[in-house]
Every structure is written in C-alpha cells, then in structure tokens.
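Dear colleague,

I am handing over a structure that I would like you to look through at your own pace. Please open it first, and then read my notes beside it.

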Amino acid sequence: MLSSALRVPSRRIRSFSTTRASSWGPSRLPSLASLPIDISPEVAQAQAEGRAVVALESTLITHGLPPPHSVDLPLQCEEILRAQGVAPATIAIIDGRIKVGLSPKELAFLAEKGFEARKDGGKSLWKVGRRELGAAVVKRMVGGTTVSGTMAVAHLAGIKIFSTGGIGGVHRGAETSMTDLLSLPSSLLLGVPIPEDYHAAGDALQVAVEQAVRESEENGVSRSGKLATPWLLERVGQLTKGVAIVSNMALIRNNVKVGGEIALEYAKLLKQETPSPTPTLPTPSTPPPTPSSPPSLVVVGSLAIDLTLTPTSTSPLRTTAPGTNTLTLGGVGANVAGAARSIGIEDVLLVSPVADDLFGLVAKAGMGSRGMRVDGLVQSAEKEARTATCGILVDQEGELVGGVADMEIVAGMTGAQVIEQIGSTPPRVLCFDGNVAATTMSELLAYCQKHDVDTFFEPTSDAKALRVLQAVEVTINKTNKPLVSYATPNIHELAALYQHTQSEDNEQHRVYSPGMWFDSINVNADLLATRLPAWVLEEGVVQMAVQLLPVINTIFVKSGSRGVVVRSY
C-alpha cells in the first residue's frame, strides 16, 4: 500500500457497502468455527452489543513506518477511535493465527519484527495480502496485512468499515492490481481529503514522488512486487527530509477519524433496522427430516451446551468483571453430526442423552433450529441428571484460564438405549465418540458386527481414546476384519492408543496379535522417506498406526496444520 503522500494527496479511499444495513446482519457471515482466527474481547463485545467497529491494517506497523512511528501512530489511531466510542480492530497474522484486534504487547511485537525485517530483507516477516492469507496461516508466519488482506479478514469477521492511509491500485499500473483489491461484493470506496494544513506540502511531495518512482524503475525495485512500497516510502522520506512522514501520519489520523464517524452512523442504521430480539427459545427455521425415515448415518455421543466467559478486563478470579458470555450448541457427537449434514448427508441421526432441565430444552431447540433430527435424543429418567455442559473462562487475550466439563450423562447411556433409537433398520455407518462408556461401545460393536455396519470412532481425548480398546478387548470378533472400521485420532491420541497395546499387560492380548500376515509387511524405508513428510517418520506415525491394524481398519491421523496421514488395511 502506498500512502497518500506518494500519490494523490487530495484523495484517500475507504471501503464500505451501499446495500441496506440489515443485509449485513450476522446470519450472512461465513462460519469462523474452523478458522485459526482470534477476535479480541474488545471487538467481540462491541459486535455483541451492536456498537461501531473499524478495521485497521497492520503493514503500517510492519513495513510502512520507521520506529518509533511504527508503534506510536497505530496506538494513536486506536485511541482516536476509542475516543469516538468505536472499537478498533487492527488485523494481523501472528504465528499463523489471524488476529482481529491487537493488544499493545502484540502491536509492539509486530513493530519489533518490522524493524528486524529491515535487516534481513523481510525473510522473517510477510506482507500478507488476500492471496497470501492461506499460506501465512499454514506456515504459521508473522505478517502485517495489506489492504486486500485486511479487507478479506474484516469481511470474514463481519466488520464493515475499514480505514487506511491509501489503497493499492491508485498508482501507475492500477489496472493490474485493482481487481484483486475490489473483489468483495457490494463494496464502495470513499475518498477523504488530506487535512487542509498539509495541502501546501503537496507540490513538493509530488516532485519527490516522481523522483523516487523514476529511481525505482531504474534500479529494478519497481518490479519487486510488495518490496516496492516500503522502498518508495523510505526514499520519499529521505528526499523530503521527513516532511512526507509527517504529512502521511496526519492523513492517516484524519482518515481513521472519518472512518470512525462512518462506523458510528452505520451502527445507528443497523439498530434502527434490526428489532430487539425476543427472549424465547429458538424454533426450527426449516423442518427437520421426517423422523420415521431410517438414517444412513447414526452418531452416538455428546450433545452439550458450551458457555464461554470472556472478560474485557482482569479475569474474574474471586470476583466478577464485565465481559461477554456466549452460549453455543456443542459436544463432539453434535459437531460430527452437524459436519456430516453440512457436506450433504441429510439422513443423520444423533443419539445423545438430555436431561429434563433448561439446558435440555435449549439443546433440543438448537438442534431443531439447525434443521436436524431430534428423535434420537434420549430423555434421561434420572431426576438428578444434568444435560451435558462445558463452561470455559478465557483471559483478555483469548487464552484458557480454566473450565468445567460435565459429561456424566453421556457416560451413563447404554447400548440398549442407542439400539432402540436406531430402530429396525440398521444404518450404513455408526459413529461414536470417546464420551461414550466402554461397555456401551462394546454393545455397539457387537450390534454393528451382527448387522454388517461400518463403525467410526472419534477419540475426543487421550484418556477417552483408550475406551475403544477396552471395548474391543471384551467384544468377541466373529469375522476376519477389525471391529473398528475408521478412527480419527490426533497424533497424541494415536500415541496413547499405541502405548496401551504395547504395555506389559496388553502386548500378548489376543486382539492385538496381528497373525502371520503381519510379518510379510515390508516397506522400504527410503521409499517412505521420499513419499512422506519428515515428521511422519520422525514421530513414528507409520509404526504406531500399523501396530493398530488388528483393531482399526483405517486410521486418519490428524496433526493440525501439518495435515492428515491415512493408514488403511
């Protein structure tokens, strides 16, 4: 991004939509559940309360300004917005996490990285545009977001107003870069004049700009992509003996102020068009599939209510603090069922226990509002039963402080209850998560073996992963294939499963004995080294997965950003 002093001093650009404010409501936002994105408590609370929020880019911090301006000016911009009653949402990438709203510590960290990058040529710090977002996340990089990158993240986070010093494209060769920047739907660019006190410096700055551009074309910097902007900024600063930086900073502060004013008016419009919510339980927006239809996929596991407590000041240990409390529908089983339905599997039946309490009512209503079947929910007969819940407390940075998970009701569900909910027609696949008791898993494995139903196991945690092995150990296998068709452990859960099979008490157990065929497995180590990432071999993923062949047919080993390793029988 080039600042206004480098191009048209009398015009700056802002982006927001011209459609009705109500059309930007939360129901139109993409899901953030699967993204490595951290929305700061300040921004999250402002959004929850319908208050104004303005996005700010971070290449200003990492690549645009020299110290101390790289820290001081962004902090000034944030304070300008707060003084207006607007929440600032500075966007950046830190260790592969998308940050929407920075703490002063994070902002200073980015500025320090920017200073270091001037020494190593920028190898350790990225300029992250929209096209680089995915790579920056996967490689766990640190980077400042450009205008296009900031706009893309702001759009994902539901932030409609974005202020910056200038946009890429308003320069020579604009026709080659404007398309990438303005690809979001319903966007509008608003030009803001540079403050009047700085108009007189425009002519002198333009002369410096022309000279810097000529030099960049002569020395090849103009063809270096994103490296061109920092070089031009620094060169113009040198030619004007610092006047350009002063002018740029004044322009940026004014642009942020105007952006805040627009955000405040937008928030007013949104409140006028959005009626206050009625405090009632949700009702299904679309009718669930006909309960009488036999499901092709049955998911057995936890349906829980998740409560997240996010304070906006010091974490409320031994006291209370202002903040946001978010209630969502969760539970491993419910998430698996929801994911299956999202990829087009309509006839999914979730079998999970709920209690006769308020959380049970909320859980049922939440399932119905998602258009999911509720005829598989088992009403607990125990008077003291509690619907599964998980409450967590996070600090201002979004880091976990502590929490309580109450999943006792799930462990009490029996195999007979599950089979009764399935009905007379067996499904094609039965999935169960690690919250289910080992005895119940054993009953389900026997049922699936009898009816030739594939089984799918989601471990949930290191300790709960072992329940499936405890179930396999007591289930008589009348076939020549593993009782568990598919399992999806992460690398830590895989290690727990492997260590269980190798313990002195279990290594001679009949179910872990592979038979003579195992000795015939002979894969060349050099071949594995050329076809698999180094970490797969170094951490023993192949060896551990192969040892589980007698009990699990196909294993999908999850390892976060490093990917998934599949081992199949």
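Below is what was found, going from the whole protein to single strands and residues.

Please keep in mind throughout that this is a predicted model. The protein has 20 helices and 21 strands, and of its 569 residues 46% count as buried. The accessible surface comes to about 27900 Å², and carbon and sulfur atoms account for 56% of that area. If you take the contacts with a separation of 6 or more, 74% of them are between residues that lie 24 or more positions apart.

A good place to begin is the open sheet that 8 strands form, in the order β14-β13-β10-β17-β18-β19-β20-β21, with mixed pairing. Its edge strands, each of which pairs on one side only, are β14 (377-379) and β21 (564-568). On average, and ignoring direction, neighbouring strands of this sheet are turned by 20° against each other. Helix α14, which covers residues 415-422, packs on the sheet and touches β10 (297-300), β13 (348-354), β14 and β17 (429-433), while its direction makes about 140° with that of β13. Within the sheet, you can also follow β19 (residues 484-487) and β20 (residues 552-558), which pair in the parallel sense over 3 bridges; there, Tyr 486 stands opposite Thr 554 of β20.

Strand β3, made of residues 53-56, is worth a separate look. Both of its faces are covered, since Val 53 and Ala 55 on one side, and Val 54 and Leu 56 on the other, are all buried. This strand runs parallel to β4 (residues 87-94), to which 4 bridges join it, and the bridge partner of Val 54 in β4 is Pro 88. Strand β3 also runs parallel to β8 (residues 162-163), here with 2 bridges, and Leu 56 stands opposite Ser 163 in β8.

Finally, please turn to the surface, where Leu 307, Leu 309, Leu 327 and Phe 359 make a nonpolar patch of about 300 Å². Phe 359 has its place in helix α12, which covers residues 358-369. Is Phe 359 buried, partly exposed or exposed? Phe 359 counts as partly exposed because its relative accessibility is 35%, and the partly exposed class lies between under 20% for buried and over 50% for exposed.

With best wishes

Notes. Residues are numbered from 1 along each chain as its sequence is written. This is a predicted model: local features need pLDDT of at least 70, side-chain atom pairs count only at pLDDT 80 or more; totals for chains, interfaces and linings use all residues. Side-chain values use heavy atoms; hydrogens and water are left out. Two strands pair if DSSP finds at least two bridges between them. Axes are lines fitted to C-alpha atoms, for helices over the stretch in contact, and angles run from 0 to 180 degrees between N-to-C directions. Contact means heavy atoms within 4.5 Å. Patches are made of residues with over 30% relative accessible area and no salt bridge: like charges are joined within 9 Å, nonpolar side chains (Val, Leu, Ile, Met, Phe, Trp, Tyr) within 5 Å. Accessible areas come from the Shrake-Rupley method with a 1.4 Å probe; for residues, only the protein chains shown count as cover. A salt bridge is a side-chain nitrogen of Lys or Arg within 4 Å of a carboxyl oxygen of Asp or Glu. Buried means under 20% relative accessible area, exposed over 50%, partly exposed in between (1.4 Å probe, protein chains only).
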